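Please open the model in your viewer and keep the sequence panel beside it. The tour below moves from one selection to the next and says what is to be found at each stop.

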Amino acid sequence: MTVHINAKKGDIAETILLPGDPLRAKFIADTFLEDVKCFNTVRNMLGFTGNWNDKAISVMGTGMGMPSIGIYSHELITEFGVKNLIRVGSCGSFQPHVKVRDVIFGLSASTNSRFAHQFDTPGTYAPTADFDLLMKAKAEADRLEIPVHAGNILSSDIFYDANPEAWRKWARMGVLAVEMEAAALYLNAAYLGAKALVILTVSDSLVTKEATSSEERERTFTEMMKIALSLA
Ligand code: HPA
């Protein structure tokens, strides 16, 4: 049991799926898993363990932003022995060829946050996905014939930016899309010796200003989940 997770050791599987929204975690458990047990209710940050194809897998909300996913991923790795952390989230596209409803693998996560400064590397550390998880996810996407993008994403501390054009500088560097958690997850996994991967569906586009409704997101969400669940 930790400050933020009232579970016992052994309640959480080695592989966990991490949506931002705890109700999304409940939906994933209810829809895709069997023999589900709830392991966390602290702050309503619901967490569940169940079976997918007879393999144990957990799913838990992270909340929004790097401070929040930083806390949960740290406790999951250090106190509960979680080895594989897979964020399943949404993002805003920076690129014309990355369309709403597309799936993205976060190969690396640039950031405007200071989260990495605690590690005091004598230069800029590049937070990256685990190669094994990435290759497995890509193989499953190919098998299911789901097209994916893979590249650098931006983990931003800011949703409502005072400079609404700031994103164009990242877009100019080929960054595919913006979300708010991946860099902290990759940094914690690297520092604490776990594996992490971020899989995203594009919910809106900063290029076209298009946005998907929650019903519209359902189909690509299911595609993203099929890929993520195969990592159990
Ligand atoms: N900004 C940050 N996070 C996001 C966005 C966005 O536009 N869309 C989905 N997650």
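Throughout this tour, two residues are said to be in contact when heavy atoms of theirs lie within 4.5 Å. With that in mind, select Glu 216 in helix α6, and show its surroundings: apart from neighbours within four places in sequence, Glu 216 is in contact with Arg 101 and Ala 211. The relative accessible area of Glu 216 is 38%, and therefore this residue counts as partly exposed. If you draw a distance from its C-alpha to that of Ile 146, which is 70 residues away in sequence, the viewer should give 17 Å.

**Confidence**

The model is a predicted one, and colouring by pLDDT is a sensible next step. The protein chain has an average pLDDT of 96, and 100% of its residues score at least 70. Among the elements of the chain, the lowest mean, 85, belongs to helix α6 (residues 214-229), where the tour began, while the highest, 99, belongs to helix α5 (residues 182-192).

**Helix α3**

Now select residues 131-143, which form helix α3; with 13 residues at 1.5 Å a residue, this helix should span 18 Å, and its end C-alpha atoms are indeed 18 Å apart. Which residues of α3 are buried? They are Leu 133, Leu 134, Ala 137, Glu 140 and Ala 141. Looking down the axis of α3, you will find these buried residues within an arc of 130°, so they line one face of the helix. An α-helix has 3.6 residues a turn, so residues three or four places apart point the same way.

On the face of α3 turned away from the buried side, pick out Phe 131 and Arg 143, both of which are exposed. Then return to the buried residues of the helix and add their partners to the selection: they pack against β5 (84-93), β6 (103-111), β7 (148-155), β9 (195-205) and α6. The ends of the helix deserve a separate look. At the N-terminal end, Asp 130 acts as a cap, with a side-chain oxygen 3.1 Å from the backbone nitrogen of Asp 132. After α3 comes Glu 145, whose phi is positive, near 55°.

**Strand β9**

Move on to Leu 197, which is in strand β9. With a relative accessible area of 0%, Leu 197 is buried. Beyond residues up to four places away in sequence, Leu 197 touches several residues already met in α3, including Leu 133, Leu 134 and Ala 137; its other contacts include Leu 85, Ile 86 and Arg 87, as well as Leu 185 and Tyr 186. A distance drawn between the C-alpha atoms of Leu 197 and Val 88 comes to 8.8 Å, although 109 residues separate them along the chain.

Thr 201 is also placed in strand β9, and at 5% relative accessibility it counts as buried. Setting aside neighbours within four places in sequence, its contacts include Ser 90 and Cys 91, and also Thr 220, Phe 221 and Met 224.

**The ligand**

Next, select the ligand and display the residues around it: Ser 90, Cys 91, Gly 92, Phe 159, Val 178, Glu 179, Met 180, Ser 203 and Asp 204. Which residue places a polar side-chain atom 2.8 Å from a nitrogen atom of the ligand? The residue is Asp 204. From Gly 92, a backbone N or O atom lies 3.4 Å from a nitrogen atom of the ligand.

**Gln 95 and Ser 73**

In the loop between β5 and β6, select Gln 95, which counts as buried at 12% relative accessibility. A polar atom of the Gln 95 side chain lies 2.8 Å from the backbone oxygen of Val 175. Not counting residues up to four places away in sequence, Gln 95 touches Ala 171, Gly 174, Val 175, Leu 176 and Val 207.

The last stop is Ser 73 in helix α2 (residues 66-80). Is Ser 73 buried or exposed? Its relative accessibility is 1%, so it counts as buried. Outside residues up to four places away in sequence, Ser 73 touches Leu 85, Leu 185 and Asn 188, and its side chain makes a polar contact with the side chain of Asn 188 at 3.0 Å. Finally, a C-alpha to C-alpha distance from Ser 73 to Pro 164, 91 residues apart in sequence, comes to 30 Å.

Methods. Residues are numbered from 1 along each chain as its sequence is written. This is a predicted model: local features need pLDDT of at least 70, side-chain atom pairs count only at pLDDT 80 or more; totals for chains, interfaces and linings use all residues. Side-chain values use heavy atoms; hydrogens and water are left out. pLDDT is the predictor's confidence in each residue, from 0 to 100. Helices (H or I, at least four residues) and strands (E, at least two) are DSSP runs, numbered from the N terminus. Buried means under 20% relative accessible area, exposed over 50%, partly exposed in between (1.4 Å probe, protein chains only). A polar contact is a pair of N or O atoms within 3.5 Å; within protein, one must be able to donate a hydrogen and the other to accept it, and residues adjacent in sequence count only if both atoms are side-chain atoms. The expected span of a helix is 1.5 Å times one less than its number of residues. The arc is that of the directions from the helix axis to the C-beta atoms. A residue is near a molecule or strand if one of its heavy atoms lies within 4 Å of it.
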